Amino acid sequence: MIPSKTATTKKQRKKIALGMSGGVDSSVCAHLLVEQGYEVTGVYLECWKAPGCRSEEDRKDALEVALALNIPFQVLDFKHAYRDKVVQYFFDEYQAGRTPNPDVLCNKEIKFGLFYDWALREGFDAVATGHYAAITTDAKSNQHQLAIPVDAHKDQTYFLYLLTATQLEHIHFPLGKYTKSQVRAEAKKRDLPVATKKDSVGICFIGDIDVSAFLKDELGENPGEVVDTQGNVIGSHRGLWFYTVGQRHGFSIEKHTVITQKDGSTMLKQNFPPYYVIKKNAEKNQLVVGFGSDTETNEFTITDLHWIQNPPSSQQVFVRIRHTGQLLPAELVITEDCATIRLHTAVKGIAAGQSAVIYNSLNTDQINQTVCLGGGIIT
């Protein structure tokens with residue numbers, strides 16, 4: 001007996017909601033996913049609209065790519081949520097004397113928060129984005145892991161450390177096996193209109209803005225004293241939120257300053273070498289500055305710990321204190337609600353409020369086996 005057409009079931013294609021920004025990365029992702037047989041819907045996340053913002057141009061570019069592929073296209077309006085969850089955090093952290101990382105929170109709250117939740121509610125099997133990251137499987141636990149992609153220079157796992165193993169089961173990073181130059185080549189091969197479009201830079205969804213002016217518009221100015229490591233007042237600043245650890249400009253230093261020495265005597269000091277911000281004292285509204293060696297640290301604490309699977313089983317790890325920063329060998333000591341990180345070599349610019357992201361032992365032969373374990377917030 002030959003089965004009827006109605007009795008024959010076609011294998012259902014996996015449904016993927018692809019976040020499309022209008023850039024070359026997500027546009028190439030759309031083509032790759034369609035070519036791999038997925039049922040793709042392009043989704044543009046509208047999160048910010050202000051003078052000088054490229055949102056209209058970006059949405060048009062994303063729509064043009066979707067139309068060329070004949071895939072559905074939707075726009076999700078997350079502007080209010082983005083302002084409340086990401087931008088307000090940005091201002092609050094700076095006002096409290098810390099240096100925030102809005103891109104980390106944007107991924108948690110928007111791309112893999114609101115967008116991810118919407119996609120699963122709407123019946124999609126997974127979401128995909130144009131992040132440069134890879135997903136591997138742990139041979140022992142069989143759980144998904146977040147790993148450094150082939151293009152280690154473009155690696156964005158630092159911004160993704162708040163993902164969970166469960167979420168990784170429903171996420172695709174199509175560019176994990178591609179370098180940026182290969183992505184550009186794929187875009188040109190397919191004659192994509194965004195093949196030569198410049199990469200977005202700056203704050204997630206907002207772009208390359210004047211952060212100082214952005215902070216001033218919201219927080220104004222709050223002048224205070226600049227002091228050295230001995231507590232001597234040697235200059236003035238505009239407001240603590242305009243500075244971050246390691247910065248060496250934007251504050252004023254008096255050319256001739258009376259300095260109190262450790263023995264209580266005073267001296268007139270002039271012709272200072274460059275000063276760097278080493279600390280912000282929010283209670284006294286003081287900016288603490290020092291010389292090059294004063295900015296170096298080899299031990300610090302992180303809180304708000306998050307592990308993609310379980311806490312590291314080994315104390316010997318690698319840590320990254322900024323996006324595209326080096327993977328620094330370190331010892332990790334975890335206590336109940338925080339962890340101490342002891343770097344093998346002191347580094348500059350460790351700023352409270354930034355994320356410290358933890359990785360397993362570095363394998364230079366197989367870079368995508370370097371797994372992001374999680375991380376925390378520097379105190």
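Arg320 and Asp155 pair up through their side chains, making a polar contact at 2.6 Å. Keep in mind that this is a predicted model. The other topic here is the nonpolar packing, where Tyr82 and Phe115 touch the most other members of the largest core.

**Around Arg320**
- Arg320 sits in strand β16, which covers residues 316-320.
- With a relative accessibility of 6%, Arg320 counts as buried, because the cut-off for that is under 20%.
- Besides Asp155, the Arg320 side chain also gets to the backbone oxygen of Gly325, at 2.8 Å.
- Leaving out residues up to four places away in sequence, Arg320 touches Asp155, Thr157 and Tyr158, then Gly325, Gln326 and Leu327, and also Ser355, Ala356, Val357 and Tyr359.

**The largest nonpolar core**
- This core has 58 residues.
- Helices α3 (79-95), α4 (102-121), α5 (165-168) and α7 (211-219) are among the elements that each supply at least two of its residues.
- Strands β2 (39-46), β14 (286-290) and β19 (355-359) also each chip in at least two.
- The top contributor is α4, which gives 8 residues to this core.
- As background, nonpolar side chains in soluble globular proteins tend to be buried together.

**Phe115 and its contacts**
- Again skipping residues up to four places away in sequence, Phe115 touches Ala17, Leu18, Gly19, Val43 and Leu45, plus Leu76, Phe78, Ile110, Val127 and Ala128.

**A separate core**
- Apart from the largest core lies another one, made of 26 residues.
- Leu33, Ala66, Ala126 and Tyr132 are among the members of this other core.

Note on methods. Residues are numbered from 1 along each chain as its sequence is written. This is a predicted model: local features need pLDDT of at least 70, side-chain atom pairs count only at pLDDT 80 or more; totals for chains, interfaces and linings use all residues. Side-chain values use heavy atoms; hydrogens and water are left out. A nonpolar core is a set of buried Ala, Val, Leu, Ile, Met, Phe, Trp, Tyr and Cys residues joined through side-chain atoms within 4.5 Å. Buried means under 20% relative accessible area, exposed over 50%, partly exposed in between (1.4 Å probe, protein chains only). Helices (H or I, at least four residues) and strands (E, at least two) are DSSP runs, numbered from the N terminus. Contact means heavy atoms within 4.5 Å. A polar contact is a pair of N or O atoms within 3.5 Å; within protein, one must be able to donate a hydrogen and the other to accept it, and residues adjacent in sequence count only if both atoms are side-chain atoms.
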